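Let's take a walk through the inside of this protein, from its packed parts to its empty spaces. Have the viewer open as you read.

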Amino acid sequence: MIKSERLNTIIEMVDHCDSFYDLCCDHGMIGLGVYQRDKTKHLYLNDQVKSICDKLKYKIESIYSYIPSQISLINKPCETIKFVNNSTICIAGVGYDTIIRILENVPKDAQLIISSHTKQQKLRHHLISRFKLLEERLVYEGGRFYEILKLNSYEGEVLSLLGNFPIDSNFKAYLEQIHRFHATKLRYGNDSFSKEILKYIVDKQKEF
């Protein structure tokens with residue numbers, strides 16, 4: 001059983017698919033959770049660190065006593081993967097720069113689940129011109145807020161610079177946090193992006 005609300009939320013957001021990629025997967029809990037809930041026919045677990053893939057192999061063998069043919073381990077950089085058509089690709093647990101680099105290799109027909117550990121508003125800014133929004137969630141866990149975005153490039157809503165999350169105490173606290181962050185950046189330098197996003201934050205805070 002997965003106790004993490006963030007990981008469970010990501011798994012819940014995955015639609016049934018033929019191929020699911022858990023990139024930079026570390027413990028592999030997202031991918032294995034998707035596979036065990038029968039949400040994919042073939043699971044690809046990726047990490048470029050060999051010791052992580054070795055641990056994953058042992059973990060899978062301890063669950064099934066063998067490696068199911070429907071599970072593949074990919075021990076190489078995400079940028080070199082040749083993805084199966086119409087797959088679902090999850091990029092979570094890494095930062096903005098890594099996500100941007102990986103997206104350069106993602107096919108246009110893929111569905112994406114993305115959750116960045118850093119620069120979440122800047123990531124949205126980068127994604128707006130390329131992707132459409134299917135769903136978004138905000139999760140608070142371990143003293144941090146995480147945005148989880150479900151995207152593709154061919155249908156859905158226009159992605160905004162600021163999430164349209166439920167107007168509740170969780171979102172209010174998140175807005176206060178990112179308001180302080182961008183206000184501080186603007187105070188100590190002429191940060192044009194912080195100046196732009198602060199307008200959106202202030203307008204959203206008026207809804208409370």
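What follows is a short tour of a predicted model, covering cores, one helix, one buried side chain and the empty spaces.

## The nonpolar cores

As a rule, nonpolar side chains in soluble globular proteins tend to be buried together. Here, the largest nonpolar core has 26 residues. If you want to find the middle of that network, look for L23, I89, L103, L112 and L151, which have the most contacts inside it. Six elements each supply at least two residues of this core: the strands β1 (17–23), β4, β5 and β7, plus the helices α4 (96–103) and α5. Of these, α4 gives the most, with five residues.

There is also a second, separate core of 24 residues, and I10, L45, I71 and I113 are among its members. Back in the largest core, L151 is worth a click. Setting aside neighbours within four places in sequence, L151 touches A110, Q111, L112, I114, L127, F131, K132, L133, L134 and L159.

## Helix α1, mostly under cover

Helix α1 spans residues 5–13, and seven of its nine residues are buried. Those seven are R6, L7, N8, T9, I10, I11 and M13. One of them, I10, also turns up in the second core.

What sits over the buried residues of α1? The cover includes helix α2 (29–36) and the strands β4 (88–94), β5 (111–116), β6 (132–141) and β7 (144–152). Have a look at the start of the helix too: a side-chain oxygen of S4 comes to within 3.3 Å of the backbone nitrogen of R6.

## N152, a polar residue tucked away

N152 is part of strand β7. Is N152 buried or exposed? N152 counts as buried because its relative accessibility is 0%.

So where does that side chain point its polar atoms? The side chain of N152 reaches the backbone nitrogen of Y154 at 3.1 Å. A polar atom of the N152 side chain also lies 3.0 Å from the backbone nitrogen of E155. Beyond neighbours within four places in sequence, N152 is in contact with A110, Q111, F131, K132 and L134.

## The largest pocket

Rolling a probe the size of a water molecule over the atoms shows where empty space is left. The largest pocket comes out at about 320 Å³. Its lining counts 17 residues, and the closest to the pocket centre are T118, K119, Q120, Q121 and F181.

Which elements each supply at least two residues of that lining? They are α5 (120–127), β7 and α6 (169–187). The largest share, six residues, comes from α6. If you care about the chemistry of the wall, the lining splits into five nonpolar, seven polar and five charged residues.

## The closed cavity

How many cavities of 30 Å³ or more does the structure hold? Just one. The largest cavity has a volume of about 40 Å³. Its lining is made up of I114, S115, S116, Q120, L123, R124, E147 and L149.

By element, β5, α5 and β7 each bring at least two residues to the lining of this cavity. By class, the lining divides into three nonpolar, three polar and two charged residues. Note that Q120 lines the cavity and is also listed among the residues closest to the centre of the largest pocket.

Notes: Residues are numbered from 1 along each chain as its sequence is written. This is a predicted model: local features need pLDDT of at least 70, side-chain atom pairs count only at pLDDT 80 or more; totals for chains, interfaces and linings use all residues. Side-chain values use heavy atoms; hydrogens and water are left out. Buried means under 20% relative accessible area, exposed over 50%, partly exposed in between (1.4 Å probe, protein chains only). Helices (H or I, at least four residues) and strands (E, at least two) are DSSP runs, numbered from the N terminus. Contact means heavy atoms within 4.5 Å. A polar contact is a pair of N or O atoms within 3.5 Å; within protein, one must be able to donate a hydrogen and the other to accept it, and residues adjacent in sequence count only if both atoms are side-chain atoms. On a 1 Å grid over the protein atoms alone, a cavity is a set of points where a 1.4 Å probe fits but cannot get out, and a pocket is an open set with protein on both sides within 12 Å along at least five of seven lines; lining residues have an atom within 4 Å of a point. Grid points are joined across faces, edges and corners, and a volume is the space filled by probe spheres set on the points. Ala, Val, Leu, Ile, Met, Phe, Trp, Tyr, Cys and Pro count as nonpolar, Asp, Glu, Lys and Arg as charged, and the others, Gly among them, as polar. A nonpolar core is a set of buried Ala, Val, Leu, Ile, Met, Phe, Trp, Tyr and Cys residues joined through side-chain atoms within 4.5 Å.
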